[in-house]
Amino acid sequence: MEQRIAVLVSTVLGVLLLGVFALVARSAGRSGTADEIAAGAARWRRGTLWGLVLLFVPTIAYSLTKTPYPSAGQTAAVVVQATGHQWAWEVTPDTVPAGELVEIRVTGADVNHGFGVYDAGDRLITQAQAMPGYTNVLRYTFTTPGTYRILCLEYCGLGHHTMFSQLVVTAAR
């Protein structure tokens, strides 16, 4: 859903940008005094500012309501520890329930790794950086049971291409 909205917004913004270019090209041939040109430029800047404010404030407000983080106080049904090693993932436990909040604590044991979870259609559904000495926390609700692949998204050495694991999502309890 969000991808369709992004395409729609990008298309609208692209058309608006083409319109701006057309207006600038049309007005480039006009002549006037320095005061008239300065006044026109001031009107243009003021109009552009308010146009952008009216466009971006609602867009940002909408996007903030769609962030992937649950509301405060919601506890995870399962906490998964995911540690990246050269060249394997250690994921404990490797089975989680569908429809419930899962917290995945991601860290690296040796070098930086990119922790990526892919669904059955090979779409990246969530990701985090796995860094030694630091734990990133992912909170995600898997909606569909199945086997989700875990791959490394950052080149971590010669065995990088063999670095994979899986997370099994079972039917809701």
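**Asp-119**

I began with the side chain of Asp-119 in this predicted model. One of its polar atoms lies 2.9 Å from the backbone nitrogen of Arg-123. I then found that the Asp-119 side chain also reaches the backbone nitrogen of Gly-121, at 3.0 Å.

I looked up where Asp-119 sits along the chain. It is in the loop between β5, residues 113-118, and β6.

Is Asp-119 buried or exposed? I noted a relative accessible area of 13%. Buried means under 20%, so Asp-119 counts as buried.

I listed the contacts of Asp-119, leaving aside neighbours within four places in sequence. They are Ile-125 and Tyr-148.

**Thr-126**

I moved on to strand β6, which covers residues 124-130 and holds Thr-126. The relative accessibility of Thr-126 is 12%, so I entered Thr-126 as buried too.

Which residues does Thr-126 touch, not counting those up to four places away in sequence? I wrote down Phe-115, Gly-116, Val-117, Leu-138 and Tyr-140. Of these, Phe-115, Gly-116 and Val-117 fall within β5.

**The largest pocket**

I turned to the largest pocket next. About 470 Å³ of space lies in it. I asked which elements give two or more residues to its lining, and found α1 (2-27) and α2 (34-65). The most comes from α2, with six residues.

The lining of the largest pocket is made up of 14 residues. I noted those nearest the centre of the pocket: Ser-27, Arg-30, Ile-37, Gly-40 and Ala-41. Sorted by class, the lining has six nonpolar residues, four polar and four charged.

**The whole chain**

Last, I stepped back to the protein chain. How many helices and strands does the protein chain have? I recorded two helices and nine strands. Along the sequence the order is α-α-β-β-β-β-β-β-β-β-β, with the helices ahead of the strands.

Why do I call the chain more spread out than a compact globule? Its radius of gyration is 24 Å, whereas the globule rule gives 16 Å for 173 residues; the value is well over the rule, so the chain is more spread out than a compact globule. I also took down the box that the C-alpha atoms fill, roughly 75 × 40 × 30 Å along the principal axes.

I noted that 24% of the 173 residues count as buried, and both Asp-119 and Thr-126 belong to that group. For contacts in the chain with a separation of 6 or more, I found that 64% join residues 24 or more positions apart.

Notes:
Residues numbered from 1 in each chain as written. Predicted model: local features only at pLDDT ≥ 70, side-chain atom pairs only at ≥ 80, totals over all residues. Heavy atoms only, no water. Helix = DSSP H or I, 4+ residues; strand = E, 2+ residues; numbered from the N terminus. Buried < 20%, exposed > 50% of the residue type's maximum accessible area, 1.4 Å probe, protein only. Contact = heavy atoms within 4.5 Å. 1 Å grid on protein atoms, 1.4 Å probe; cavity = no way out; pocket = protein on both sides within 12 Å on 5 of 7 lines; lining within 4 Å. Points joined across faces, edges and corners; volume = space filled by probe spheres on them. Nonpolar A, V, L, I, M, F, W, Y, C, P; charged D, E, K, R; others polar. Polar contact = N/O pair within 3.5 Å; in protein donor to acceptor, adjacent residues only side chain to side chain. Rg over C-alpha atoms; globule rule 2.2 N^0.38 Å.
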